[in-house]
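Student: I should like to go through this model and ask, for each label, what justifies it.
Tutor: Please do; each answer will set a value against the relevant criterion.

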Amino acid sequence: MTSDLLIRNVRPMGGPATDVLVRSGRIAAMSAGGAEPSIPVLDGAGELLLPGLIEAHTHLDKTMWGMPWKPHAAGPRLIDKIETERRQRRELDIEPERQSGRQALQSLRMGSTHIRTHIDVDTEVGLSGIEGVMRMRERYRDRIHVEIVAFPQSGLLVRPGTLELMREAMRLGAEVVGGLDPNAIDRDPKGHLDAIFGLAQEFGRPVDIHLHEPAELGGFAMELIIERTRALGMQGRVVVSHAFCLGMSDRDYARSLIDQLARERIAVMTTGAPSRPVPPVRECAEAGLVVCAGSDGIRDSWSPYGNADMLERAMLIGLRNNFREDEEIALALNACTRGGATVMALADYGLEVGCAADLLIVPGEVPAEAVVSRPAKRTVVKGGRIVVRDGEVTTAA
Ligand SMILES: [Zn+2]
């Protein structure tokens with residue numbers, strides 16, 4: 001199958017119109033009006049050219065996407081959601097390979113070319129989620145890139161045997177070590193963080209830890225994460241997902257945390273959650289922090305919301321951060337593109353010559369308009385092949 005393509009008349013990031021020549025899956029040249037080579041041609045019709053969107057935080061193994069509607073049943077606390085999920089996993093047929101495939105294709109339709117997904121590892125499901133999602137990603141490997149975080153959703157130390165399963169998940173090929181609220185779930189912050197950073201060292205892998213813990217409690221956990229990142233030389237290889245504590249009302253403390261995160265090149269992931277304090281994206285970016293973005297759970301026992309649209313995610317982040325100017329909305333979109341690419345260490349991501357031809361073409365004058373209008377008509381190119389045309393996955397893919 002060819003991965004050569006000539007894309008006519010597109011405007012990279014809203015700039016002047018150009019043609020994009022793709023050879024062997026990479027951007028080979030960007031210039032207007034060259035001769036017609038004997039390769040497939042895609043007419044961009046003067047639309048906007050963006051790099052493929054990056055879904056940097058979701059949970060592919062537990063979505064109920066495409067299943068009958070299930071009213072939300074979990075109580076308000078974190079532990080209610082964990083227990084409801086464990087029960088629903090037994091009662092409903094949430095088969096990880098099928099369900100992860102449904103959500104991955106939905107992501108692709110919406111313009112994402114890369115996904116980082118956290119996959120549950122616990123003493124009940126064992127490695128079945130990891131194995132199912134690995135089969136799915138192999139099947140769709142030419143369409144979408146999926147990176148797996150082994151995630152101890154039900155706790156690491158409170159459920160003996162989980163750490164050994166996490167080790168097994170890393171041996172199977174999970175790329176990232178996950179963690180979760182070291183105070184609130186394991187009630188042993190030092191033990192939890194030593195265990196996950198230990199695994200990261202053992203396998204030479206990065207860390208991505210869910211930190212919902214609020215204010216001073218979250219700040220305390222974050223300081224322990226910062227200490228370990230520094231001591232182990234893991235700068236640039238740690239993400240704190242959610243990082244709600246950075247939105248705390250004590251701005252002096254939050255600011256000192258942001259500066260320490262920047263110093264150790266620790267990234268943060270935000271969903272722009274409307275119901276919680278969130279990391280202030282502009283302040284983080286100005287301090288030099290990498291900010292990436294994700295949908296988190298989509299139509300699962302945690303949340304009935306979500307549609308895997310990272311343009312919509314950029315809009316939600318923009319709304320949550322009171323962004324109105326084009327340059328501000330660009331910051332939100334940057335979290336859904338280059339921020340995610342940085343945490344996933346995608347060295348060949350972008351719109352420059354030599355980058356992988358992982359691209360999104362949408363109507364709109366400038367990126368801010370695409371975020372605000374979230375057009376249904378989207379064309380997605382992955383490795384130089386058209387995988388979505390006008391919002392539908394192509395059969396050729
Ligand atoms: Zn999550």
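Student: Where does Gly33 lie, and why is Gly33 called exposed or buried?
Tutor: In this predicted model, Gly33 sits in the loop between strand 3 and strand 4 (41–51). Its relative accessibility is 64%, and the cut-off for exposed is over 50%, so Gly33 counts as exposed.

Student: What does Gly33 touch beyond residues up to four places away in sequence?
Tutor: Gly33 touches Arg8 and Asp19. In addition, Gly33 and Asn9 are 24 residues apart in sequence, with a C-alpha to C-alpha separation of 8.6 Å.

Student: How do you know that strand 1 pairs with strand 2, and with strand 4?
Tutor: The criterion is at least two bridges. Strand 1 (residues 5–12) has four bridges to strand 2 (residues 18–23), in the antiparallel sense, and six to strand 4, in the parallel sense. Both pairs therefore meet the criterion of at least two bridges. Leu6 has Leu21 of strand 2 as its bridge partner, whereas Val10 has Glu47 of strand 4. In the hairpin of strand 1 and strand 2, five residues stand between the strands, and Met13 takes a positive phi near 50°.

Student: What makes strand 1 mostly covered?
Tutor: Seven of the eight residues of strand 1 are buried, that is, under 20% relative accessible area.

Student: Which strands are the edge strands of the open sheet, and what makes them so?
Tutor: The sheet has eight strands in the order 3-2-1-4-13-14-15-16, with mixed pairing. Strand 3 (26–30) and strand 16 (392–393) are its edge strands, as each pairs on one side only. Elsewhere in the sheet, strand 14 (residues 379–382) and strand 15 (residues 385–389) pair in the antiparallel sense over three bridges, and Val380 stands opposite Val388 in strand 15.

Student: Why is Gln99 called buried or exposed, and what does its side chain reach?
Tutor: Gln99, which belongs to helix 2 (residues 96–109), has a relative accessible area of 0%. The cut-off for buried is under 20%, so Gln99 is buried. Its side chain reaches the backbone oxygen of Thr63 at 2.9 Å, and a polar atom of that side chain lies 2.8 Å from the backbone oxygen of Trp65. Each distance falls within the 3.5 Å limit for a polar contact. Beyond neighbours within four places in sequence, the contacts of Gln99 include Leu60, Met64, Met67 and Ile94.

Student: How do you know that the span of helix 1 is close to the expected one?
Tutor: Helix 1 (residues 78–91) has 14 residues and reaches 20 Å from its first C-alpha to its last, against 20 Å expected at 1.5 Å a residue. Its buried residues include Asp80, Ile82 and Arg86, and strand 6 (112–120) is among the elements covering the buried residues of helix 1.

Student: Why is the largest nonpolar core said to lie between the domains?
Tutor: Domain 1 (5–51 + 349–393) and domain 2 (53–343) both give residues to this core, so it lies between them. Of its 79 residues, Ile130, Val207, Met222 and Leu246 touch the most other members. Apart from it lies another core, of 15 residues, among them Val22 and Cys355.

Student: How many residues of each domain are in contact with the other?
Tutor: 27 residues of domain 1 are in contact with 24 residues of domain 2, while the C-alpha centres of the two domains lie 29 Å apart.

How values were computed
Residues numbered from 1 in each chain as written. Predicted model: local features only at pLDDT ≥ 70, side-chain atom pairs only at ≥ 80, totals over all residues. Heavy atoms only, no water. Helix = DSSP H or I, 4+ residues; strand = E, 2+ residues; numbered from the N terminus. Buried < 20%, exposed > 50% of the residue type's maximum accessible area, 1.4 Å probe, protein only. Polar contact = N/O pair within 3.5 Å; in protein donor to acceptor, adjacent residues only side chain to side chain. Contact = heavy atoms within 4.5 Å. Core = buried A, V, L, I, M, F, W, Y, C linked by side-chain atoms within 4.5 Å. Domains from an automatic or database assignment. Expected span 1.5 Å × (residues − 1).
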